[in-house]
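Okay, thanks everyone for coming. I'd like to walk you through one fold today, sheet by sheet, so have the viewer ready.

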Amino acid sequence: MSLEKLNAICTEKVDAIKNRGVLKGAERAIARINLPDWVKNGSLPVGDEDNALGPRYFLAADSNPYLLMNSNSYLGLSLHPAVMQAEEKGVQEFGTGPGAVRFISGTYVPHVELENRLAAFHQREAAMIYSAAYAAVLGVLPPLIDRNTLVISDELNHNSIINAIRLSRPAEKAIYRHLNMSELDRVIDRYASGRQHEPVKINRVLVVTDGIFSMRGDHAPLAEIDKICRNYERYFDEGIITVVDDSHGVGAFGTTGRGAEEYTQCKVDILIATLGKALGVNGGYVVASNAVINYLRESSPCYIYSNPVTPSEALAAKISLEILESKAGLERLQKLRALTSHFEAGLQALGFETIPGEHPVTPLIVRDSSKTMMLNNYLFENKILATGLNYPVVPRGDEEIRFQINANHTTRDIDFVLEILENFTE
């Protein structure tokens, strides 16, 4: 057998991506990190914070120090000494991997303890961890969707939700415009009023949304969504179920870091999130009722047939949760909000368009693909790592540079970025 013909096809497709201006290209490999003492100590800068610098990153075959402005580690916990020590301890006790899927011999005490801790953190009956948040979304939605299910989704939901719905093949699928609650209401009303597409009878409705939308940093109005759903629930034999993926929200949004639910003061039916962003480790999870979690353990392929996170990662994530729930965690959240506000105000003062909000994802809206690429290259030339987002990753006309603030940044770091942006010329 030969790959000759397939190689030609693959090369042609990559060339087409490049011609559209959306080629990701070679990945930049981080070779080492230079940590200031306050990060090594697991603290925040003491004394003259305005003159403190955060970590600097060095790329392979590049001796220049870069400021990382595109990391999901919002609380900086991936570099926290207590989290790293917990993972090192776990490796010594349990080895480098679980060695099996959960139902065979891959369940360790740290997995069970972490699930209990996550359930308590979110005030749910039960929790269940996956190897990744993407796997969690793909693992949760299909078992809850059958041939009599209507799925309703925000148009800007994450790729994992889009693919999970495709995989599920629901009876009906509807997309509402981003955050448009009137349109969501009209979609549900159309089916509740009996104007269903025969011969399919809709018994169950799933309304699925991101909590924080990763490209924009805005949040879903969960209380409004919940109110709309409850108004129509009686029309469907198996009810209306709200499912939220708040991977970017948990640990980075809300007074105590409990995400979009806390910010909107609304608890949804099923919550999916990640250990790999604000908590700084790896893996995904879902929290819900005992009945739902028990069913997913028996029916979710991404859980049943895939190894879990390592025991050492579970131990590290448990420590991250403990830090988040401590005074030190609240201090990190307060600092995160302050830095985000400072950066947003600076962008607006320079005349740049952004989407204001408390979440540390701060987009600089460019609205032009070539200019986005030019600005992203300019930032890199000035030793700033940021992410340029063009169509189709974002809608055409919404091209942007996505900046992500984290608690290991300092005021001086943020001011450095603003100074570089001030000097940008097309």
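I'll go through the sheets, the helices that lie across them, and one asparagine. Keep in mind that this is a predicted model.

Let's start with the big picture of the seven-stranded sheet. The sheet is open, its strand order is 4-10-9-8-7-5-6, and the pairing is mixed. At the edges you'll find strand 4, residues 126-130, and strand 6, residues 172-176, and each of those pairs on one side only. If you ignore direction, neighbouring strands in this sheet are turned by 20 degrees against each other on average.

Zoom in on one pair in there. Strand 8, residues 240-245, runs parallel to strand 9, residues 270-274, and three bridges join them. If you want a landmark, find Asp245, which sits opposite Ile272 of strand 9.

Now, what lies across this sheet? Helix 11, residues 290-299, lies across strand 4, strand 9 and strand 10, at about 30 degrees to strand 4. Helix 11 also meets helix 6, residues 133-144: their axes come within 10 Å and cross at roughly 100 degrees. So we'd call helix 6 and helix 11 roughly perpendicular. On the helix 6 side the contact uses Gly139, Val140, Pro143 and Leu144, and on the helix 11 side Tyr295, Leu296 and Ser299. And what kind of residues are they? Five are nonpolar, two are polar and none is charged.

Okay, second sheet. This one is open too, with four strands in the order 11-12-15-14, and the pairing is antiparallel. Strand 11, at 353-354, and strand 14, at 387-389, have a single partner strand each, so they're the edges, with one side lacking a neighbour in the sheet. In the middle, strand 12, residues 361-365, and strand 15, residues 400-404, run antiparallel and are joined by five bridges. One example is Pro363, whose bridge partner in strand 15 is Arg402.

Two helices to look at here. Helix 14, residues 327-349, lies across strands 11, 12 and 15, and runs at about 10 degrees to strand 12. Helix 15, residues 369-381, lies across strands 12, 14 and 15, at about 40 degrees to strand 15.

Next, the smaller pairings. Strand 2, residues 56-59, and strand 3, residues 65-68, pair antiparallel over two bridges, and Phe58 has Pro65 as its bridge partner. Those two strands make a hairpin with five residues between them, and Ala61 in the turn has a positive phi of about 60 degrees. Strand 3 also pairs with strand 13, residues 384-385, this time in the parallel sense, again over two bridges. There, Leu68 is matched with Leu385.

Last stop is the asparagine I promised, Asn408. Where is it? Look in the loop between strand 15 and helix 16, which covers 411-422. Is Asn408 buried or exposed? At 3% relative accessible area, under the 20% cut-off, Asn408 counts as buried. Its side chain reaches the backbone oxygen of Gly76 at 3.4 Å. Setting aside neighbours within four places in sequence, the contacts of Asn408 include Trp38, Val39, Gly54, Pro55 and Leu79, plus Arg332, Lys335 and Asp413.

That's my tour, so let's hear your questions.

Technical notes. Residues are numbered from 1 along each chain as its sequence is written. This is a predicted model: local features need pLDDT of at least 70, side-chain atom pairs count only at pLDDT 80 or more; totals for chains, interfaces and linings use all residues. Side-chain values use heavy atoms; hydrogens and water are left out. Two strands pair if DSSP finds at least two bridges between them. Contact means heavy atoms within 4.5 Å. Axes are lines fitted to C-alpha atoms, for helices over the stretch in contact, and angles run from 0 to 180 degrees between N-to-C directions. Buried means under 20% relative accessible area, exposed over 50%, partly exposed in between (1.4 Å probe, protein chains only). A polar contact is a pair of N or O atoms within 3.5 Å; within protein, one must be able to donate a hydrogen and the other to accept it, and residues adjacent in sequence count only if both atoms are side-chain atoms. Angles under 35 degrees count as roughly parallel, over 145 as roughly antiparallel, 65 to 115 as roughly perpendicular and the rest as oblique. Ala, Val, Leu, Ile, Met, Phe, Trp, Tyr, Cys and Pro count as nonpolar, Asp, Glu, Lys and Arg as charged, and the others, Gly among them, as polar.
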